[in-house]
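Visitor: Please take a close look at one pair of packed helices. How do they cross, and what lies between them?

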Amino acid sequence: MQFHSFDTRDPVFSFGPWLLSFQVITLENTYGLTLERTTVTREGNAWRLICGELSWAGQQRRAPGGLTAIVRPEGAGLRLSISADAAHTIRCVKVLVRGLARLEVLDLLDQPEPVPEGGALLRYPNYLRLPLLFVRHEGGTIGLRCEDAQGRAKRFAVYAERFGPLAGQYAVELIHEEDARYFGKHIDVPDWVIALAPDLDAFRAAQLAFAEAHMGLTPWEQRADVPDWARRISLVATIHCMHWTGYIFNTYDDAREILRAITERLPGEHVLALLPGWEGRYYWQYSDYRPEPLLGGADGFARLADEARSLGVHLMPFFGVTSANAWETPGFEQFGPPSRMKSPTGAIYTGNRPDWDVSRGRDTTWQAWLNIGAPAWRAELTRQIRATLDAYDLDAVFLDCPEVWINDPEHNIREGLHALVADLRAARPDLLVTGEDWWDGILDVLPVCQSTRKWRPVPAWAGRYARFFEHIADSEPGRGSTGVFESGYAPYEPLPEQPYNIPSIAFVDGTLAAAPAAIEAAIFRARRYAATLSTA
């Protein structure tokens, strides 16, 4: 994180035991409130703050604009309703909770982490699953959350102040950024809630209740987008096909052999088979989906689909929501350039740039990151997915990277994902749509997602809404290979047994022969999981 190199001298306002400051950040500068043009009055048990002028450059300058905040006591905390105006286009509004003792941040599993010397920055939705953060000091825990039905960007910053009378004390910044499509000179901020020493589960439950009421979150048992057959799945078998380099892990005939081996031990109706790299060179082939000739071609894929169906197994091919090969995809010029992801100010988003060729250069200009909210890309991807499902009579699809989000000024990514899933399920009501990762704003359309204990752990509360299986980054048990995934290898470590974790196992070339004990253990977990489904 960066900081201003001077005391911004933002006025500090007391609301009961809480010390708050406010900033309005436009596309061209950072503004505070002008103290002498600000009044705070009581209205019943609430406070109304009205500021009629903004300041900038550490209170050295003045600017037209203002901010209004209604601050209501809520238990031992506060609820804030804020609006602001400025002469320039507003990007976000920041609330600073100040004068705090040394803080720790609680991670996604509510485990404490120290705040680094340079501070901690936590983003929603790109890290946080909810617009909610817990921080803790010796006096207890503070909960901070935002009730935003639109799932817009939030950022939480935690650090020790460097300048001014509060130097050495900790602050937490609560930042709400407007949807970039609607940046303007006025902004209404969704309510922030701050709570002192809350019961963590109760505080989070209040946020989840808001999400259920306003964002479509539905408990697993009540979800209408989970077909009956999918509720019987107790094993996800990830069968890696072709690596980015063209290395073949499993052909379609190899996949048939794997499915036969599994269904000798477990009824096929309990098996969901994920096929990363089924279309050919993983990621390189993204946006041009068809069976790969070197894996067996259309006839070989048809044989795989037919045999899986005869065994009761459901096949689930991989499709990338956010990526396309800009160099080699036919027709890219029609749907690609108008669909590229952009930052709020128009910078082209280049993503995480995996080191596919191990040149150690991470130079992947061929890999275009596209916004599924863009009509041209959504139409093309929908066409390709439908064509595959129809040609091979499949009833499951996996969407890679649906969680990737940026505040694009042209098209809303969350809205685009919702539209894609709605279009796919309209044609096939019994279609299961799963995804790589999730947050509360998309979990309502992704009832099943990947998880890994390594770097994408699933908090227990998420099991109220969805089911999870091993990420493709989790290795297979033979040699620790991650198959098509770019990390290459990892220790084999199954997901912990939880009601919301579907037993899973991955296969590369040789896994069947090299790891019979691990495969048998996974199938044993699947049988045990299936027994819980029959009694649920």
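Guide: The crossing of H5 and H6 is right-handed, a term used when the near helix is turned clockwise from the far one by less than a right angle (anticlockwise would be left-handed). This is a predicted model, in which local features need pLDDT of at least 70 and side-chain atom pairs pLDDT 80 or more, while totals for chains, interfaces and linings use all residues. Residues are numbered from 1 along each chain as its sequence is written, and side-chain values use heavy atoms, without hydrogens and water.

Helix H5 covers residues 375-392 and helix H6 residues 413-427; their axes come within 11 Å and cross at roughly 30°. That makes H5 roughly parallel to H6, since angles under 35 degrees count as such. The axes are lines fitted to C-alpha atoms over the stretch in contact, with angles from 0 to 180 degrees between N-to-C directions. Helices are DSSP runs of H or I with at least four residues, strands runs of E with at least two, numbered from the N terminus.

On the H5 side, Arg378, Leu381, Thr382, Ile385 and Arg386 take part in the contact (heavy atoms within 4.5 Å). Their partners in H6 are Gly416, Ala419, Leu420, Asp423, Leu424 and Ala427. By class, the contact of H5 with H6 has 6 nonpolar, 2 polar and 3 charged residues; Ala, Leu and Ile are among the nonpolar types, Asp and Arg among the charged, and Gly counts as polar.

As for the surroundings, the chain has 8 helices and 27 strands. Its C-alpha atoms fill a box of roughly 75 × 50 × 45 Å along the principal axes.

Technical notes: Angles under 35 degrees count as roughly parallel, over 145 as roughly antiparallel, 65 to 115 as roughly perpendicular and the rest as oblique.
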